[in-house]
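Colleague: I am new to this structure and would like a close look at a single part of it, namely the nonpolar core. Please take me through that part and then show me how it sits within the rest.

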Amino acid sequence: MNGNQMIQVELLSDAAFSRGEGTAGVVDIEVEHDELGLPFLGGKTLRGLLLDSWLSMHHLFPELSASAQRIFGIEADFEECSILRIGDAVVDNDTRKWIEAAESRPKPSISPMNVLEAMTDIRRQTSEERSTGAPAETTLRSVRVIIRDLKLHSSLYWLSKPTDADLRCLSLALLATRHAGLGRNRGRGNIRLTLDGDIKNTMQLATGGAV
């Protein structure tokens with residue numbers, strides 16, 4: 001397998017990549033984070049976002065249907081036939097090593113919660129009572145969001161060498177994926193996805209231009 005390519009996920013606005021549960025006494029909806037307190041976006045979630053983007057425009061690129069099946073697999077097929085594996089989108093290795101050292105050193109040290117709180121913020125929202133316009137009772141919710149400008153990286157592993165059409169299909173899906181997470185229809189979760197962090201190269205691949 002070849003793992004020398006990656007997808008860069010750049011947060012253009014605050015984002016809530018929810019883990020489906022809260023943290024008691026802190027927030028009702030918590031973001032995905034690892035044992036060090038570092039936020040991440042799961043590889044399966046990222047793959048799902050790319051597939052949704054591709055399905056929204058696949059009728060415009062019928063010549064790439066075979067490549068789409070090679071990358072995303074065949075719908076309703078329980079066999080894993082795709083040639084691409086997408087890893088979790090995480091912070092860069094240098095940042096992770098620094099955090100590991102800071103958390104494992106003798107006192108004074110930092111905790112995973114310190115790390116999480118430094119990279120996130122908490123937003124509170126409530127539903128509106130339609131008859132009065134006032135906040136509805138018992139609807140106040142707190143949501144943790146990852147602060148904008150964070151860049152995450154997801155390793156790509158090809159089971160066989162991708163063709164130019166495969167890379168074009170993937171690049172089109174990357175450029176078409178612009179929102180992720182909770183509240184993406186309310187200004188949150190605006191993201192930019194690029195191959196190897198190079199927007200120009202990603203656009204060239206998407207248009208069939210030279211790399």
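Modeller: The largest nonpolar core has 45 residues, and among these Val 9, Leu 50, Trp 54 and Leu 170 touch the most other members. Helix 5, which covers residues 164-176, gives this core its largest share, 6 residues. Please keep in mind that what you see is a predicted model.

Val 9 is a good place to begin. Leaving aside its neighbours within four places in sequence, Val 9 is in contact with Leu 46 and Ala 89, with Leu 150, Lys 151 and Leu 152, and also with Ile 191, Arg 192 and Leu 193. For the protein chain as a whole, 71% of the contacts between residues at least 6 apart in sequence join residues that are at least 24 apart.

Trp 54, another of the core residues named above, also takes part in an aromatic pair, and the count of such pairs comes to 1. Its partner is Phe 61, and the two rings are stacked, at 6.2 Å centre to centre and with 25 degrees between the planes. Trp 54 and Phe 61 are both buried.

Helix 5 deserves a second look, since a charged residue lies in it as well: Asp 166 of helix 5 is joined to Arg 70 of helix 2 (residues 65-72), and this pair links distant parts of the chain, 96 residues apart. The link is a salt bridge between the two side chains, at 2.8 Å from N to O. Asp 166 counts as buried because its relative accessibility is 0%, whereas Arg 70, at 29% relative accessibility, counts as partly exposed.

The salt bridges number 10 in total, and one of them lies within a single helix, where the side chains of Arg 96 and Glu 100 meet at 3.7 Å, N to O. These two residues are 4 apart in helix 3 (residues 93-104), so about one helical turn separates them. Arg 96 is partly exposed at 23% relative accessibility, and Glu 100 is partly exposed too, with a relative accessible area of 36%. Elsewhere, Asp 14, Asp 121, Arg 123 and Arg 148 are linked in a network of salt bridges, and within it the closest N and O atoms of Arg 123 and Asp 121 are 2.8 Å apart.

To set the core in its surroundings, the protein chain has 6 helices and 6 strands, which run β-α-α-β-α-α-β-β-β-α-β-α from the N terminus on. Of its 211 residues, 40% are buried, and its accessible surface comes to about 12,100 Å², of which 50% belongs to carbon and sulfur atoms.

Key. Residues are numbered from 1 along each chain as its sequence is written. This is a predicted model: local features need pLDDT of at least 70, side-chain atom pairs count only at pLDDT 80 or more; totals for chains, interfaces and linings use all residues. Side-chain values use heavy atoms; hydrogens and water are left out. Rings of Phe, Tyr and Trp (its six-membered ring) pair if their centres lie within 6.5 Å; planes under 30 degrees apart count as stacked, over 60 as edge-to-face and the rest as tilted. Buried means under 20% relative accessible area, exposed over 50%, partly exposed in between (1.4 Å probe, protein chains only). Contact means heavy atoms within 4.5 Å. Accessible areas come from the Shrake-Rupley method with a 1.4 Å probe; for residues, only the protein chains shown count as cover. A nonpolar core is a set of buried Ala, Val, Leu, Ile, Met, Phe, Trp, Tyr and Cys residues joined through side-chain atoms within 4.5 Å. A salt bridge is a side-chain nitrogen of Lys or Arg within 4 Å of a carboxyl oxygen of Asp or Glu.
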